[in-house]
Amino acid sequence: MIIVLKENTSEKELEHILEKINELGFRSDVSRGEKRTVVGVIGDEEKLREEPLKALPGVEKVISVLKPYKLASREFQREDSVFDLGYGVKVGGGNLMMIAGPCAIEGYDILHEIAVAVKKAGANVLRGGAFKPRTSPYSFQGMGEEGLKILRDIGHSLGMPVVTEVMDPRQVDLVNRYTDLFQIGARNMQNFNLLNEVGQTSKPVLLKRGMSATVTDLLMSAEYVLSNGNKRVILCERGVRSFDSSTRNLLDLAAIPNSKGLSHLPIIVDPSHATGRPDLIPSMSLAGIAAGADGVHIEVHSHPELAKSDGPQALLPHQYEELCGKMRSMAELLGKTIQVSGKA
Ligand code: PEP
Ligand code: MN
């Protein structure tokens, strides 16, 4: 349920409304827009009647949100969410987040080589996995804390925020010490304990769509993070399972405008995991931006043949640079901004 306040509602009246919500056994979330303040009432709506809330001083109207997600919905917040990611990088509201880097962190020198190249090409967020969700337990599982240190040191020395995957609620504190953004991978999109845990941190969360998840499922998972108090959730379309094995997954481009209609949260596109094919990544990156994506997430490796994970889908640095030129033209055409990181 959403309570829309009158334009002249005082702080005292707002306090009273929040107290009342609390007394009724619900939690509240205040969102101060340019013109109006709205209060989200969080809890099982079935158990709440509108009447007592409508009568409170300062309340203009009470809207019942029919969608199962509330804080993530456009009803709750009409304007696009815009988040600062650090180092002068913003996402949302026309700002594109350009994430690039290898699938996994494999060592200082190789990450440094890739990071320098992607930064020069135009990436404004550096990625790299230290804990890898591998299909086989015998595959490389990631460098762990040593990898996190390497990622942070290189990213920050180049003036770039860094993003890395966290797979387990027990890793959140450790990863939090090094990363600027948490990535929740497709396989963990519905790991609700993990979502609750990152929801209690103050770092932005890049939430990837599960390979068999609907857009509603994705927004429900975002709701877990939001309802824990963390407002900075960035959604990511990375393809869903399909019958056609000629691409790794099926990139659901329509999910981008679909999600934007339903939610104020930014959504980016990941053509690397969606297609698994370097030859398809450029066209799908441009299509993603054209579809309204707030950023593009691409795996880049300078020696894909030596990569410990996802080598075959990596773009070479020069291919990424060429693509960045095209993405900049597309962004310009659509009136979008790509910030250069490190300028803050
Ligand atoms: C990744 O980003 O390297 C990754 C494992 O992605 P996803 O969770 O989308 O498969
Ligand atoms: Mn990968």
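This passage looks at the pockets of a predicted model and at the ligand bound in one of them.

The largest pocket is a good place to start. Its volume comes to about 450 Å³, and 17 residues line it. Those lying nearest the centre of this pocket are Arg 36, Val 38, Phe 76, Arg 78 and Glu 79. Sorted by class, the lining breaks down into nine charged, five nonpolar and three polar residues. Two of the strands that help build the wall are strand 1, spanning 2-5, and strand 4, spanning 59-63, and each of them gives at least two residues to the lining. Strand 4 makes the largest contribution, with three residues.

Next comes the second largest pocket, which holds about 230 Å³ of space. Its lining is made up of 18 residues, and Pro 133, Arg 187, Arg 248, His 273 and Asp 310 are the closest to its centre. Here the split by class is ten charged, five polar and three nonpolar residues.

So much for the walls; now for the occupant. Ligand 1 sits in this second largest pocket. There are 14 residues around ligand 1, and the ones that come nearest are Arg 127, Ala 186, Arg 187, Lys 208 and Arg 238. Arg 187 thus turns up both among the residues nearest the ligand and among those closest to the pocket centre. By class, the shell around the ligand counts seven charged residues, four polar ones and three nonpolar ones.

A few contacts can be picked out atom by atom. In the side chain of Arg 238, an N or O atom lies 2.6 Å from an oxygen atom of ligand 1. Ala 186 takes part through its backbone instead, where an N or O atom is 2.7 Å from a ligand oxygen. His 273, one of the residues closest to the pocket centre, has a side-chain N or O atom 3.1 Å from an oxygen atom of ligand 1. As for how much of the ligand is left uncovered, its accessible area on its own is 300 Å², and the protein covers 98% of that.

Note on methods
Residues are numbered from 1 along each chain as its sequence is written. Chains are lettered from A and ligands numbered from 1 in the order in which they are written. This is a predicted model: local features need pLDDT of at least 70, side-chain atom pairs count only at pLDDT 80 or more; totals for chains, interfaces and linings use all residues. Side-chain values use heavy atoms; hydrogens and water are left out. A residue is near a molecule or strand if one of its heavy atoms lies within 4 Å of it. A polar contact is a pair of N or O atoms within 3.5 Å; within protein, one must be able to donate a hydrogen and the other to accept it, and residues adjacent in sequence count only if both atoms are side-chain atoms. Accessible areas come from the Shrake-Rupley method with a 1.4 Å probe; for residues, only the protein chains shown count as cover. On a 1 Å grid over the protein atoms alone, a cavity is a set of points where a 1.4 Å probe fits but cannot get out, and a pocket is an open set with protein on both sides within 12 Å along at least five of seven lines; lining residues have an atom within 4 Å of a point. A molecule sits in a cavity or pocket if more than half of its atoms lie within 2 Å of its grid points. Ala, Val, Leu, Ile, Met, Phe, Trp, Tyr, Cys and Pro count as nonpolar, Asp, Glu, Lys and Arg as charged, and the others, Gly among them, as polar. Grid points are joined across faces, edges and corners, and a volume is the space filled by probe spheres set on the points. Helices (H or I, at least four residues) and strands (E, at least two) are DSSP runs, numbered from the N terminus.
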